[in-house]
Amino acid sequence: MVRYVINEHWPYYHYDDLGKSSDWLERKLGRLYFRLSNWRQPKVVESDGYHEYFQAGCKDLVFGPSSEMVRLDVNDSDYHKKLLSIYNKVEDNTVLIIEGINRNKRFWQSVKEDDRTSITFDLYYCGIVLFDKKRHKMNYVINF
């Protein structure tokens, strides 16, 4: 996961086609979301942005309410409420992406400590949360 999805530096297919007009951080996060979508191959993604990146990683996906892959931004006014609704529908294969964890460290700490989460990846600009209960609870801080 860390080597081939999060920190992959080799150019993937579609990199040249994606994010030509976006800034460096949007491109960097978008490429990560593309690799996550390519890795997990979700049927439905819940996200209010980055649609072209998710779609490039998995052609058959649709956007809407999902328990497979969810992107949450802490800039949204009701992100706490959204997180609680996500917690109510998580499964072992759910991937939660929380964007903006560097702006709200207390919120990120509460996510890491929650009993429902198992593995978290702190990438500074965003966090990735996995809910697979077969794995030991662990937090990774990665220089992304």
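A contact here means heavy atoms within 4.5 Å. The model used in these exercises is predicted.

**Exercise 1. The surroundings of Phe-54**

Find the element that holds Phe-54, and decide whether the residue is buried or exposed. Then list its contacts beyond four places in sequence.

Solution.
- Step 1: Locate the residue. Phe-54 sits in helix H3, residues 51–57.
- Step 2: Check the accessibility. The cut-off for buried is under 20% relative accessible area. Phe-54 has 0%, so it counts as buried.
- Step 3: Collect the contacts, leaving out residues up to four places away in sequence. Phe-54 touches Tyr-33, Ser-37, Val-45, Ser-47, Gly-49, Leu-61, Phe-63, Met-69, Arg-71 and Ile-97.
- Step 4: Take one distance as well. Asn-75 is 21 residues from Phe-54 along the chain, and their C-alpha atoms are separated by 20 Å.

**Exercise 2. Elements and overall size**

Count the helices and strands, and give their order. Then compare the radius of gyration with the globule rule.

Solution.
- Step 1: Count. The protein chain has five helices and seven strands.
- Step 2: Read from the N terminus. The order is α-α-β-α-β-β-α-β-α-β-β-β.
- Step 3: Compare. The radius of gyration is 14 Å, and the globule rule gives 15 Å for 144 residues. These values are close, so the chain is as compact as a globular protein of that length.
- Step 4: Add the box. Along the principal axes, the C-alpha atoms fill roughly 40 × 35 × 30 Å.
- Step 5: Add burial and surface. Of the 144 residues, 47% count as buried. The accessible surface is about 8100 Å², and carbon and sulfur atoms hold 50% of it.
- Step 6: Look at contacts with a separation of 6 or more. Residues 24 or more positions apart make up 53% of them.

**Exercise 3. The sheet**

Give the strand order and name the edge strands. Then describe how E5 meets E6, and place helix H4.

Solution.
- Step 1: Recall how strands pair. Strands of a sheet pair through backbone hydrogen bonds, either parallel or antiparallel.
- Step 2: Write the order. The seven strands run E2-E1-E3-E4-E6-E5-E7 in an open sheet with mixed pairing.
- Step 3: Find the edges. Strand E2 (62–63) and strand E7 (138–141) each pair on one side only.
- Step 4: Zoom in on one pair. Strand E5 (residues 119–122) and strand E6 (residues 126–130) run antiparallel, joined by four bridges. Asp-122 has Gly-127 of E6 as its bridge partner.
- Step 5: Add the helix. H4 (residues 79–87) lies across strand E3 (69–73) and strand E4 (95–99). Its angle to E3 is about 165 degrees.

**Exercise 4. The cysteines**

How many disulfides does the structure hold? Justify the result for Cys-58 and Cys-126.

Solution.
- Step 1: State the count. There are zero disulfides.
- Step 2: Check the distance. The cysteine sulfur nearest to that of Cys-58 belongs to Cys-126, 19 Å away. A disulfide needs sulfur atoms within 2.5 Å, so this pair does not qualify.
- Step 3: Check burial. Cys-58 is buried at 4% relative accessibility. Cys-126 is buried too, at 0%.

**Exercise 5. Positive phi**

Where do Gln-41 and Tyr-50 lie, and what are their phi values?

Solution.
- Step 1: Take Gln-41. This residue is in the loop between helix H2 (24–40) and strand E1 (44–46). Its phi is positive, about 55 degrees, although it is not a glycine. At 38% relative accessibility, Gln-41 is partly exposed.
- Step 2: Take Tyr-50. This residue is in the loop between E1 and H3. Its phi is also positive, near 60 degrees. At 15% relative accessibility, Tyr-50 counts as buried.

Definitions and conventions
Residues are numbered from 1 along each chain as its sequence is written. This is a predicted model: local features need pLDDT of at least 70, side-chain atom pairs count only at pLDDT 80 or more; totals for chains, interfaces and linings use all residues. Side-chain values use heavy atoms; hydrogens and water are left out. Two strands pair if DSSP finds at least two bridges between them. Helices (H or I, at least four residues) and strands (E, at least two) are DSSP runs, numbered from the N terminus. Axes are lines fitted to C-alpha atoms, for helices over the stretch in contact, and angles run from 0 to 180 degrees between N-to-C directions. The radius of gyration is taken over C-alpha atoms; the globule rule is 2.2 Å times the number of residues to the power 0.38. Buried means under 20% relative accessible area, exposed over 50%, partly exposed in between (1.4 Å probe, protein chains only). Accessible areas come from the Shrake-Rupley method with a 1.4 Å probe; for residues, only the protein chains shown count as cover.
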